[in-house]
Amino acid sequence: MPVDMQNEVIAVAKAAYDRNTTFGDLAAHIKKEFENKYGPSWHCIVGQGFGSMVTHDRSSFMYLYIGVDGVLLYRHS
């Protein structure tokens with residue numbers, strides 16, 4: 001994922017934590033923000049202790065931690 005988009009993911013995720021309380025709400029908020037700006041097919045998973053193997057568009061994948069919570073955001077073709 002390009003650096004500017006990575007910074008946007010971080011900003012959107014941090015803002016989501018200020019407004020939402022459940023992992024499901026956080027993931028839905030982040031997904032909605034990216035679909036509104038970049039179009040459909042974004043997927044977001046937020047939680048603790050999960051792994052993944054996903055097919056994603058090139059340069060459209062990011063996995064980060066906010067505290068102890070993992071945030072996975074990717075776009076599927």
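Contact here means heavy atoms within 4.5 Å. The model is a predicted one.

**Exercise 1. Place histidine 29 and find its neighbours.**

Task: State which element holds histidine 29, whether histidine 29 is buried or exposed, and which residues histidine 29 touches beyond four places in sequence.

Solution.
- Step 1. Histidine 29 lies in helix H2.
- Step 2. Buried means under 20% relative accessible area. Histidine 29 has 15% relative accessibility, so it counts as buried.
- Step 3. Leave out residues up to four places away in sequence; histidine 29 then touches Val12, Ala16, Arg19 and Asn20.

**Exercise 2. Check the length of helix H1.**

Task: Work out what span the 17 residues of helix H1 should have, and set it against the distance between the end C-alpha atoms.

Solution.
- Step 1. Helix H1 covers residues 3-19.
- Step 2. The expected span is 1.5 Å times one less than the number of residues. For H1 this gives 24 Å.
- Step 3. The end C-alpha atoms of H1 are 25 Å apart, which agrees.

**Exercise 3. Sort the faces of H1.**

Task: Say which residues of H1 are buried, which are exposed on the other side, and what the buried ones pack against.

Solution.
- Step 1. The buried set in H1 is Met5, Glu8, Val9, Val12, Ala13 and Ala16.
- Step 2. Viewed down the axis of H1, these buried residues fall within an arc of 130°, so they line one face of the helix.
- Step 3. Val3, Asp4, Lys14 and Asp18 are exposed on the other side of H1.
- Step 4. The packing partners of the buried residues are helix H2 (23-38), strand S1 (42-47), S2 and strand S3 (69-75).

**Exercise 4. Examine two serines with positive phi.**

Task: Give phi for serine 41 and for serine 59; then locate serine 41 and serine 59, and class the exposure of serine 41 and serine 59.

Solution.
- Step 1. Phi is near 80° in serine 41, a positive value in a residue other than glycine. In serine 59, phi is near 65°, also positive in a non-glycine residue.
- Step 2. Serine 41 sits in the loop between H2 and S1. Serine 59 sits in the loop between S1 and S2.
- Step 3. Serine 41 has 31% relative accessibility, so it counts as partly exposed. Serine 59 is partly exposed because its relative accessible area is 42%.

**Exercise 5. Describe a nonpolar surface patch.**

Task: Name the residues that make the nonpolar surface patch, then place tyrosine 65 and class its exposure.

Solution.
- Step 1. Phe61, Tyr63 and Tyr65 make a nonpolar surface patch of about 300 Å².
- Step 2. Tyrosine 65 belongs to strand S2 (residues 61-66).
- Step 3. Exposed means over 50%. Tyrosine 65 has 54% relative accessibility, so it counts as exposed.

Definitions and conventions: Residues are numbered from 1 along each chain as its sequence is written. This is a predicted model: local features need pLDDT of at least 70, side-chain atom pairs count only at pLDDT 80 or more; totals for chains, interfaces and linings use all residues. Side-chain values use heavy atoms; hydrogens and water are left out. Patches are made of residues with over 30% relative accessible area and no salt bridge: like charges are joined within 9 Å, nonpolar side chains (Val, Leu, Ile, Met, Phe, Trp, Tyr) within 5 Å. Accessible areas come from the Shrake-Rupley method with a 1.4 Å probe; for residues, only the protein chains shown count as cover. A salt bridge is a side-chain nitrogen of Lys or Arg within 4 Å of a carboxyl oxygen of Asp or Glu. Helices (H or I, at least four residues) and strands (E, at least two) are DSSP runs, numbered from the N terminus. Buried means under 20% relative accessible area, exposed over 50%, partly exposed in between (1.4 Å probe, protein chains only). The arc is that of the directions from the helix axis to the C-beta atoms.
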